[in-house]
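Biologist: I keep meeting words like "buried" and "edge-to-face" without knowing what earns them. Could you take me through some in this protein?

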Amino acid sequence: LELYEAYADYHTMMDLTEALVAGACMEINGTYEIDYQGTALSLAPPWRRMTMIEAVRAYAGLDFDQIKTDEEAREAARGRGLEEVPASMTWGEALSKCFEAFAEEHLIQPTFLIDYPIEISPLTKIKPGTGGRLTERFEVFIYGREHGNAYTELNDPMDQARRFADQQRRREAGDEEATLPDNDFVEALEVGMPPTGGLGIGIDRVVMLLTNQPTIRDVLLFPTMKPVDKD
């Protein structure tokens, strides 16, 4: 499920995500309290909202508010035992990798993980007061896995062009996940785009959660790997 809402931001998208998933849970199960694969979960609003920096501080013991430079971030990540810390890794990339390695699995109860580094959020508006390092983006985690992604859309064409140029440099340096430039998109932003919130929810994962199914294959309408009975 993907949507955009004009004159909204990532806070609006959090409220909408919470209402959609919790409302579906109540409609299907008659309660916000569910058991998923032996783990008790409460989808009752409001859900916890935690910054990526707070999550890494809590679960990895690293305080990126006190880590200022790229080199300090690389040293902290290596010291914590993060594998593959290249010399090109930035502060934001180190923060993101530390979250994935040490914190993500602990987000069992519904949690909005907010304020992502700019390096991994090329289409997202910068969060004021963060020195240009963090953006107004979130992912929602339940049972240690991501169920949705959203952000305040970047609607500044000059900033977007700079972001695409940076992503192109990263791609040329070997980052296969870097976003390809989109000049048509930049041109469209030059015409004009209002403040906007964008949201994507993984419907299959939500169905897994609300029906207590262990794998995504169990909820797909047309499973591509279903065994064929040749008899």
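Modeller: What follows is a chat about the terms used for this structure, which is a predicted model.

Biologist: Let's start with Thr 90. Why is Thr 90 called buried?

Modeller: Its relative accessible area is 13%, and buried means under 20%. Because 13% falls under that cut-off, Thr 90 counts as buried. Thr 90 sits in the loop between helix H3 (70-80) and helix H4 (91-103). Leaving aside neighbours within four places in sequence, Thr 90 is in contact with Asp 70, Glu 119 and Arg 170.

Biologist: Now the sheet. What makes S1 and S4 edge strands?

Modeller: Each of them pairs on one side only. The open sheet has 6 strands in the order S1-S8-S7-S6-S5-S4, with mixed pairing. On average, neighbouring strands are turned by 20° against each other, direction ignored.

Biologist: And how do you know that S1 and S8 pair?

Modeller: Pairing takes at least two bridges, and 5 bridges join S1 to strand S8 (residues 196-201). So S1 and S8 count as paired, and they run antiparallel. In that pairing, Glu 5 stands opposite Gly 197 in S8.

Biologist: Does anything lie on the sheet, and what does helix H2 touch there?

Modeller: Helix H2 (residues 52-60) packs on the sheet and touches S4, strand S5 (111-117) and strand S6 (134-142). The direction of H2 makes about 85° with that of S4.

Biologist: How do you know where the buried residues of H2 sit around the axis?

Modeller: The buried ones are Met 52, Ile 53, Ala 55, Val 56 and Ala 60. They cover an arc of only 160° around the axis, which puts them on the same side of H2. Their cover includes S4, H3, H4, S5 and S6.

Biologist: What about H3: which of its residues are buried?

Modeller: Ala 73, Arg 74, Ala 76 and Ala 77 are buried in H3. Their arc is only 165° around the axis, so they too lie on one and the same side of H3. H4 is among the elements that cover them.

Biologist: Which residues touch the most other members of the largest nonpolar core?

Modeller: That core has 27 residues, and Val 56, Phe 64, Trp 91, Leu 95, Cys 98, Phe 99 and Leu 113 touch the most other members. H4 gives the most to this core, with 7 residues. Take Cys 98: not counting residues up to four places away in sequence, Cys 98 touches Val 56, Leu 62, Phe 64, Ala 77, Leu 82 and Ala 103.

Biologist: Time for the rings. Why is the pair of Phe 64 and Trp 91 called edge-to-face?

Modeller: First, the centres are 5.7 Å apart, and a pair needs them within 6.5 Å. Next, the planes are 70° apart, while over 60 degrees counts as edge-to-face. Both tests are passed, so Phe 64 and Trp 91 form an edge-to-face pair. Phe 64 is in the loop between H2 and H3 and Trp 91 in helix H4, so the pair ties together parts 27 residues apart in sequence.

Biologist: What makes Phe 99 and Phe 141 an edge-to-face pair?

Modeller: Here it's 5.5 Å centre to centre, with 70° between the planes. The distance is within 6.5 Å and the angle is over 60 degrees, so the label fits again. Phe 99 lies in helix H4 and Phe 141 in strand S6, so this pair ties together parts 42 residues apart in sequence. Both Phe 99 and Phe 141 are buried.

Technical notes: Residues numbered from 1 in each chain as written. Predicted model: local features only at pLDDT ≥ 70, side-chain atom pairs only at ≥ 80, totals over all residues. Heavy atoms only, no water. Helix = DSSP H or I, 4+ residues; strand = E, 2+ residues; numbered from the N terminus. Buried < 20%, exposed > 50% of the residue type's maximum accessible area, 1.4 Å probe, protein only. Contact = heavy atoms within 4.5 Å. Axes fitted to C-alpha atoms, helices over the stretch in contact; angles between N-to-C directions. Arc of directions from axis to C-beta. Core = buried A, V, L, I, M, F, W, Y, C linked by side-chain atoms within 4.5 Å. Phe/Tyr/Trp six-rings, centres within 6.5 Å; stacked < 30°, edge-to-face > 60°.
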